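Welcome to my notebook. I wrote down each thing as I looked it up, so follow along at your own pace.

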Amino acid sequence: MISPVLEATGGLTLSQLSKLTGLEGTTIQNWIKRGWVSATKGKKYSEKQILRILLINMLRKAMKLEDIANLMRYINGDVEDTADDIIEDILLYNILCRIIFTAEDEGAFDTESIKTLVSRELADYTKEITDADKLKKAMYVMVMGYRSGCLRTEMEKGLEVILEEM
C-alpha cells in the first residue's frame, strides 16, 4: 500500500514518518542510533526503514524495546546486512498483518491456533524464507506480543472508566 507513495516521492521525511506512525521524530532517530533501524541515506526514509519502524511500533505496547530489537536480530541479523536475513521486512510485515487479521476474524488467539496460522501462512513462502522453523518461533512471539498490546490497551481503557467513577 505504501510502495507507490514511496516510489513517487523517493521516501518519507522524518515529519511525514512521524505523522504516519504517531511516533516522535526523536524516538525514530533514537532507534536508528541504537541500530534497530538502518541509517537513512539522505533525508528520506526507505520502505525497509519504514517497515522496520512499523514492526517495532506494533510490538512496543507489550514488549520491551530491547526484546523487540533482539527478536528482529533473531529474524534478520544485522540491520545493515541483508545477506543474513531470513525474510525481507516487507514480507515479514505483510505476513504478520495477514496472521493478525485472520486471527481476529476467526477469534483465534490461543497458542495452537496461532501456531497453526503461522505455519499455514509461511507454507506459501518456502522459496522466500531461509529458515522457516526459526521464523515460525519469531512470528508466534510477534503475534502474541501484538495481541498482548491490544489486551493491555483494552485493560487501560477499562481502568480509566473505573478511575473516572472514583
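**Entry 1: helix H4.** I started with what H4 hides. Its buried residues are Gln49, Ile50, Leu51, Arg52, Ile53, Leu54, Leu55, Ile56, Met58 and Leu59. I should say right away that this is a predicted model. The count for H4 is 10 buried residues out of 13, and the helix is mostly covered.

What does the covering? For the buried residues of H4, I found that the cover includes helix H1 (3–9), helix H2 (14–21), helix H3 (25–33), helix H5 (65–76), helix H6 (89–106) and H8.

I also checked the length. H4 runs over residues 47–59, and its first and last C-alpha atoms are 19 Å apart. That is close to the 18 Å expected at 1.5 Å a residue.

**Entry 2: helix H6.** H6 was among the covers of H4, and I looked at H6 next. Its buried residues are Asp89, Leu91, Leu92, Ile95, Leu96, Cys97, Ile99, Ile100, Thr102 and Ala103. The cover over these residues includes H4, H5, helix H7 (111–123) and H8.

How far apart are the end C-alpha atoms of H6? They are 26 Å apart, which agrees with the span that 18 residues should have at 1.5 Å a residue. After H6 comes Gly107, and I noted its positive phi, near 60°.

**Entry 3: the cysteines.** How many disulfides does the structure hold? I found 0. Why does Cys97 have no bonded partner? The closest cysteine sulfur, in Cys150, is 11 Å from the sulfur of Cys97, so the two are too far apart for a bond. A disulfide would need the sulfur atoms within 2.5 Å. Looking from the other side, Cys150 is in no disulfide either, with the sulfur of Cys97 as its nearest cysteine sulfur.

Are these cysteines buried or exposed? Cys97 counts as buried because its relative accessibility is 14%, and the cut-off for buried is under 20%. Cys150 has 22% relative accessibility and therefore counts as partly exposed.

**Entry 4: a nonpolar patch.** Last, I turned to the surface. Met155, Leu159, Ile162, Leu163 and Met166 form a nonpolar patch there. Together they have about 550 Å² of accessible area.

Where does Met166 lie? I found Met166 in the segment after helix H8 (132–165). Met166 counts as exposed because its relative accessibility is 76%, and exposed means over 50%.

Conventions:
Residues are numbered from 1 along each chain as its sequence is written. This is a predicted model: local features need pLDDT of at least 70, side-chain atom pairs count only at pLDDT 80 or more; totals for chains, interfaces and linings use all residues. Side-chain values use heavy atoms; hydrogens and water are left out. Patches are made of residues with over 30% relative accessible area and no salt bridge: like charges are joined within 9 Å, nonpolar side chains (Val, Leu, Ile, Met, Phe, Trp, Tyr) within 5 Å. Accessible areas come from the Shrake-Rupley method with a 1.4 Å probe; for residues, only the protein chains shown count as cover. A salt bridge is a side-chain nitrogen of Lys or Arg within 4 Å of a carboxyl oxygen of Asp or Glu. Helices (H or I, at least four residues) and strands (E, at least two) are DSSP runs, numbered from the N terminus. Buried means under 20% relative accessible area, exposed over 50%, partly exposed in between (1.4 Å probe, protein chains only). The expected span of a helix is 1.5 Å times one less than its number of residues. Contact means heavy atoms within 4.5 Å.
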